[in-house]
Every structure is written in C-alpha cells, then in structure tokens.
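Subject: Structure for you to look at, with notes

Dear colleague,

Please find the structure below, together with its sequence. My notes follow it, and I have tried to keep them in an order that you can trace on the screen.

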Amino acid sequence: MEVSSINRFLPWWSKIAGKMILNRLPVSYSVWQRLGLFRHGAMDQAAYALGVFDLHMARTGLQDALAGKTILELGPGDSVACAIIASAHGARATLVDVGHFAANAPSTYLPLISLLKAKGLNAPDISHCETMDDVLAVCGAEYLTHGLNSLATIKSESIDLIYSQAVLEHVRCHEFLAIQRECARVLTLEGVCSHQVDLRDHLGGGLNNLRFSRRLWESKFFVQSGFYTNRIHFQDMASLFNQAGFAVDVIEMRSWNVLPIRGRQLAPEFRDKSEKVLNVSGFHVLLKRR
Ligand SMILES: C[S@@+](CC[C@H](N)C(=O)[O-])C[C@H]1O[C@@H](n2cnc3c(N)ncnc32)[C@H](O)[C@@H]1O
C-alpha cells in the first residue's frame, strides 16, 4: 500500500502529530512530494493543471478571449503549468506563491505540451530549454515566490484575470485582507478573479482544525507543520472580499450533509458560529472591482 493510501485511514490527531515530526526531519521537499506526504497540490500533473485552468476560464467566460490577456495565478504550488497553458492561448502569466515549490526540470512539462498540442493549441516550443527560467522566458511569464511582497511589485491595473485553486484557505489569517487588497489593486477595472476554496480541514476532510484555540493554531510551530488552513469561514471571507473592494458572485457552494464535528468539540471561539455557517465545506466565487 502506498503511503498516501495508508494516510487515508489514519485518525486526524495522528496526522497532526506525524506531520509535526516528519516536517522537522532534514528531508527535502521533493522527497516528501514523491512520498505524497507533503505536497502543494497536484499542478505537476498535466491533466490536473489543464483541468484547473480550463475550469476557471470557463467559469469567467473568458476561454475564447484570452489572446493578449495577462493572467495571475495565486498559489500555483508544484508547477508553473499556468505559464505554458496561458502562452498556448496567446496570453501571458504571472504566478505568485510563498516559496519556490514548482518543478524545475523542463521535462516535467513535456506531457502538458503534448496535451495542449492534442487540443489543437499553439503550445510553446520548450525543446531547447534547460531550466525552468528558460521555460518562463519562452512563455513571457514570471514566477514570483514572496507572496504579499511579490504582489506589491506588480503594476496597478495590469492583470486581466486572477485565479486560484485550493489556495485562499492557506493564506495566513493576518495577511488575508492585505492579499485581497493587492489583488484588487493589480486587477484592471474590467478584470475578474475566480477562486475555488476548500474549507475542509487538511487532516482528513472534516473540521478537526476547529478544535484548536487561535493562539495555538496560529503559533509558528503549528503553522510550519504542513497542515495549516486559516479557518476563515465563507461569510467572513465574503466580508473580507467586500472590504478589499470586490463585489462577490458565489457561483458554487458545497456543504456537508451532517456537520463533521460536535459543538462541544469546537474551540470556544467557534462555538457561537451557527451550524449553517460551519456547514459550508467549499465554494467558488467570482470577484469584480466595485
Ligand atoms: C494546496 S496548495 C494548492 C496548489 C495548486 N493551486 C493546486 O491546485 O495544486 C496551496 C498553495 O497556496 C500557496 N499559498 C499559500 N499562501 C499563499 C499566499 N499568501 N500567496 C500565494 N500563494 C500562497 C501555497 O504555497 C501552495 O502552493
């Protein structure tokens, strides 16, 4: 059985303990990635990256109008696939993450190139590329890895579309509003953001993350253990989007049939939240500047 399969049967508390220990071993990110224990998503898989890109383009209605546009992907994780896909559509991409997690070897991107060609798109020629920087240069793209500080370097009103997949729930709580304000600043007046957000905990897909006090959960030790989510629920996130200057259009809302945690198991700061609020397990929003 693969490690990731075993992982599915482990209780939530053992994942916290395990990740706290494993994350502090002197093992490189690429090794954890191969074992499936610590991964920043699945963007190094061509079909997944293309599926995510197509989903956001379809939801914004921009799939046939990308030529000449500038696209920003927030939190690309394990690859710079967005740069290649955008280029195949005649667009340019800026990718912003909080670290350099993307696969460096240009060969990683060859299955994606084949997939794009099979779809009849004008995939960029990366055959002569020796590094990821070469790939980015061919695509006219940039990969910025300092989160909020990177966003601050982007010119105002220079981005037509911002998208993120399973990212906003990972943005540190104290930075969330600032990140949204930067997104509003860099977006053109007619621009749009498309965000797919997963509110389930990253300990097995429940709400066991709500058992912990804010002080403990936001402590450096917890944040650096590989299971951090900011625990901002839908209503508060919508209010923060508004505060940043966005009008919010909710195009998909997902919820649990039965709340996966009992009230008395919640940390005191979550006990006053209604079941309706806690029951939202994920959503997709489109944001436009007001
Ligand atoms: C669960 S991974 C998802 C990766 C990718 N979008 C996917 O679907 O495979 C979350 C990503 O969000 C990034 N992230 C977290 N906080 C961020 C921030 N403030 N700005 C940009 N990216 C951030 C993480 O580094 C990570 O790459």
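How many bridges join strand β6 to β7, and do the two strands run parallel or antiparallel? Strand β6, residues 246-255, is joined to β7 by nine bridges, and the two run antiparallel. Please keep in mind throughout that this is a predicted model.

**The strands around β7**

Within the pairing of β6 and β7, Phe 246 stands opposite Arg 289 of β7. Strand β7, which covers residues 280-289, also pairs with strand β5, residues 187-198, again in the antiparallel sense and over six bridges. In that second pairing, Val 197 has Phe 283 of β7 as its bridge partner.

Strand β5 also holds His 195, a residue that counts as buried because it has 25 C-beta neighbours inside 10 Å. When residues up to four places away in sequence are set aside, His 195 touches Ser 164, Leu 168 and Val 285. The C-alpha atom of His 195 is separated by 6.2 Å from that of Gln 165, although the two residues are 30 apart along the chain.

**The ligand**

Gln 165 appears again at the ligand, where it is among the residues that come nearest, along with His 40, Gly 41, Gly 75 and Gly 77, out of the 22 residues around the ligand. By character, the shell around the ligand divides into 12 nonpolar residues, eight polar ones and two charged ones.

**Strand β1 and its partners**

Strand β1 is mostly covered, since five of its five residues are buried. In a regular strand the side chains alternate between the two faces of the sheet. In β1, Thr 70, Leu 72 and Leu 74 point one way, while Ile 71 and Glu 73 point the other way, and all of them are buried. β1 pairs with β2 in the parallel sense over five bridges, and the bridge partner of Ile 71 in β2 is Ala 93. Between these two strands the chain crosses from β1 through α5 to β2, and this β-α-β crossover is right-handed. β1 also pairs in the parallel sense with β4, here over four bridges, and Glu 73 stands opposite Tyr 163 of β4.

In the loop that lies between α4 (46-60) and β1 you will find Leu 62, which is partly exposed because 19 other C-beta atoms lie within 10 Å, whereas a residue needs 20 or more to count as buried. Not counting residues up to four places away in sequence, Leu 62 touches Met 57 and Leu 161. Its C-alpha atom is separated by 9.7 Å from that of Val 192, which is 130 residues apart from Leu 62 along the chain.

**Helix α7**

Which residues of helix α7 are buried? In this helix, residues 132-139, they are Met 132, Val 135, Leu 136 and Cys 139. These residues cover an arc of only 95° around the axis, which means that they are on the same side of α7. What covers them includes α5 (81-88), β2 (92-96) and β3 (142-144).

Val 135 is buried because 24 other C-beta atoms lie within 10 Å. Leaving aside neighbours within four places in sequence, Val 135 is in contact with Val 80, Ala 83, Pro 106, Tyr 109, Ile 126 and Cys 129. By contrast, the C-alpha atoms of Val 135 and Arg 290 are separated by 36 Å, with their positions 155 residues apart along the chain. After α7 comes Gly 140, whose phi is positive, near 65°.

**Two residues with positive phi**

Most residues other than glycine have a negative phi. Glu 157, which is not a glycine, has a positive phi near 50°, and it lies in the loop between α8 (147-151) and β4 (159-165). Arg 231 is not a glycine either and has a positive phi of about 60°; it is found in the loop between α11 (220-223) and α12 (234-243).

Are these two residues buried or partly exposed? Glu 157 counts as partly exposed because it has 15 C-beta neighbours inside 10 Å, whereas Arg 231, with 20 such neighbours, counts as buried.

With best regards

How values were computed. Residues are numbered from 1 along each chain as its sequence is written. This is a predicted model: local features need pLDDT of at least 70, side-chain atom pairs count only at pLDDT 80 or more; totals for chains, interfaces and linings use all residues. A residue is buried if 20 or more other C-beta atoms lie within 10 Å of its own, exposed if 12 or fewer, and partly exposed in between; C-beta atoms are placed from the backbone. The arc is that of the directions from the helix axis to the C-beta atoms. Two residues are in contact if their C-beta atoms, placed from the backbone, lie within 7 Å. A residue is near a molecule or strand if its C-beta atom, placed from the backbone, lies within 6 Å of it. Ala, Val, Leu, Ile, Met, Phe, Trp, Tyr, Cys and Pro count as nonpolar, Asp, Glu, Lys and Arg as charged, and the others, Gly among them, as polar. Two strands pair if DSSP finds at least two bridges between them. A crossover is right-handed if, with the strands pointing away from the viewer, the path from the first strand over the helix to the second runs clockwise.
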